[in-house]
Amino acid sequence: METHLPFFEHPLGKTFHHSGTFHGHWHEEGAERIRDESPVDGAALGHVSVTTENDYEETIQKAQEAFLVWRSIPAPKRGEIVRQMGLRFRKYKASLGRLITLEMGKILPEGEGEVQELIDIADFAVGLSRQLYGMTTQSERPSHRLYEQWHPLGPVGIITAFNFPVAVFGWNAMIALVCGDTLIWKPSSKTPLSAIAVIRIMDEVLKENDLPEGIVNLVTGPGAATGEALAGDKRIPLISATGSVRMGKHVARVVAGRLGRSILELGGNNGVILMEDANLELALQAVLFGAVGTAGQRCTTIRRLMIHEGILDQFSERLTGAYRAIQVGNPLEPRTLMGPLIDGEAVAQFETAVETIVKEGGKILSGGRVLKEGSYAEGFYVEPTLVLAHPEMSMLQKETFAPILYLLPFKTREEAISLHNAVSQGLSSAMFTQNLRHAETFLGPAGSDCGIANINIGTSGAEIGGAFGGEKETGGGREAGSDAWKAYMRRQTCTLNWGEDMPLAQGIRFGSGCTT
Ligand code: NAD
């Protein structure tokens with residue numbers, strides 16, 4: 001049964017006003033508001049107040065004070081709080097998924113899938129709370145113990161993009177919480193309501209457990225003001241920033257300027273290689289989901305498809321047929337496979353991209369138009385677009401955040417890998433083949449240069465168990481599973497002398513009191 005989100009008095013979709021600042025309680029001072037529009041039909045979903053300078057200050061102070069308490073609670077007990085949060089996310093899965101769909105425009109199964117990611121990472125973090133292992137090693141000195149341990153780091157700033165309004169926060173937040181950090185979340189100004197909903201759900205659990213204010217916090221506002229304040233704030237040892245390469249380059253400089261740490265999760269320009277022996281049935285399904293899913297607005301969206309020339313005609317014909325059959329429309333409708341783009345600016349970027357593609361000699365095989373008629377009139381809909389491209393096109397270098405897929409023929413495996421790696425981003429990649437040598441070459445040191453490399457599955461839809469992130473201009477950060485937790489903690493190397501002598505390392509003798 002669907003449990004409605006507590007702050008919507010009515011099933012989702014009713015326009016209302018909400019504060020954008022939370023530090024244990026909702027607070028608002030200023031008059032500036034964000035009008036949150038649904039890309040589905042352009043209607044206002046709500047108005048959210050922007051965090052003022054005073055509110056920002058209070059939030060950071062609360063996060064610092066709460067850190068002093070939270071860091072001393074044993075990690076498995078922090079895990080217990082995250083476990084309860086995971087249960088609470090399950091309760092609101094349907095409503096929260098629907099809100100994500102209304103606010104961001106992804107289809108309902110993807111909206112709910114995003115909440116499932118939040119649930120999965122909460123479960124992962126609960127187990128992790130008993131596995132924040134440090135290693136012990138052998139000391140070269142007698143009666144000495146040498147080991148490493150991990151301590152909570154401090155308040156963590158989490159800056160997120162519009163396209164995963166909930167999951168990306170979850171990857172950071174659930175892990176950072178069990179690591180003993182407090183959180184300050186700055187969501188995209190395009191999706192503040194999903195953030196408010198998540199904070200409210202987490203706060204239910206914090207309040208039920210009588211925990212102090214300030215463990216989980218929210219600030220809202222433009223990147224250039226609120227985001228910039230977080231990036232430059234010395235009191236925040238770690239900034240995890242997800243978004244465009246342009247934003248990441250700037251945030252990296254600001255955080256490095258104060259010698260803070262950053263985790264950068266930036267743009268992708270993901271490629272798939274179809275070898276001549278590929279299982280085309282599998283490839284077709286993977287390419288459709290990877291290129292058209294979320295209307296091409298995933299960081300892991302397939303943007304470039306390198307196809308062996310021997311199967312180019314056959315595969316592009318099937319793909320073109322499948323593209324023409326894609327139902328574009330209201331993402332709440334069960335038949336819809338592709339919803340709208342996020343806003344008018346994204347549609348304008350799509351239009352400019354299509355114009356440039358044609359100018360550069362790309363051939364549009366399917367799509368290419370903005371949809372404006374009838375039920376499309378109020379929202380931001382475009383056609384999923386297939387382009388027969390050539391390697392000299394400048395557009396191949398660009399992450400146009402829209403459903404545009406470039407097909408690039410190749411003759412040899414080496415040519416395909418070289419085409420694949422010839423972009424400045426390095427997030428996700430895949431090869432379709434039945435040949436072990438092709439697969440291992442792609443996964444080997446001279447193969448894909450991305451943070452994620454797959455065989456016979458697409459580039460998107462990663463599981464939370466592995467570390468997620470990319471190389472080159474994607475920023476080098478890693479989030480979610482595996483040992484990504486280490487970035488959210490302070491590493492300490494400890495040497496303990498339980499003997500009665502004071503031997504120095506490297507056998508150094510220093511004065512009469514020291515022996516080896
Ligand atoms: P964006 O860069 O416009 O904004 C992302 C966030 O950064 C927003 O919260 C924004 O307010 C903030 N921001 C902007 N300027 C800032 C500044 N000067 N200082 C601090 N914060 C600032 O990105 P977007 O359009 O919301 O999202 C799409 C982009 O995000 C795409 O490039 C996509 O590939 C990328 N993305 C990457 C990943 C990943 O894990 N690699 C995941 C999701 C999205």
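The protein chain averages a pLDDT of 95 (the predictor's confidence in each residue, from 0 to 100), and 96% of the residues score at least 70. Over residues 9–13 the pLDDT drops below 50, and this stretch has 10 contacts (heavy atoms within 4.5 Å) beyond near neighbours in sequence in the model. This is a predicted model, so local features need pLDDT of at least 70 and side-chain atom pairs count only at pLDDT 80 or more, while totals for chains, interfaces and linings use all residues. Residues are numbered from 1 along each chain as its sequence is written, and side-chain values use heavy atoms, with hydrogens and water left out.

On to the rings. Rings of Phe, Tyr and Trp (its six-membered ring) pair if their centres lie within 6.5 Å, with planes under 30 degrees apart taken as stacked, over 60 as edge-to-face and the rest as tilted. The count by this rule comes to 6 aromatic pairs. One of them is the tilted pair of Phe 22 and Trp 26, at 4.8 Å centre to centre with 50° between the planes. Phe 22 is buried (under 20% relative accessible area, against over 50% for exposed and in between for partly exposed; 1.4 Å probe, protein chains only), with a value of 2%. Trp 26, at 22%, is partly exposed. Phe 162 and Phe 401 make an edge-to-face pair, 5.9 Å centre to centre and 85° between the planes. Phe 162 lies in the loop between strand E8 (155–159) and helix H5 (167–178), and Phe 401 in the loop between strand E18 (385–388) and strand E19 (404–410), so the pair ties together parts that are 239 residues apart in sequence. Helices (H or I, at least four residues) and strands (E, at least two) are DSSP runs, numbered from the N terminus. Both Phe 162 and Phe 401 are buried.

Phe 164 has a charge for company: the charged end of Lys 106 sits over its ring, 3.7 Å from the centre (the rule asks for NZ of Lys or CZ of Arg within 6 Å of the ring centre and within 35 degrees of the ring normal).

Then there is strand E16 (residues 370–371), which holds Val 370. Val 370 is buried, with a relative accessible area of 14%. Leaving aside neighbours within four places in sequence, Val 370 is in contact with Val 347, Phe 350, Glu 351, Tyr 381 and Val 382. For Tyr 381, 11 residues away along the chain, the C-alpha separation from Val 370 is 6.2 Å.
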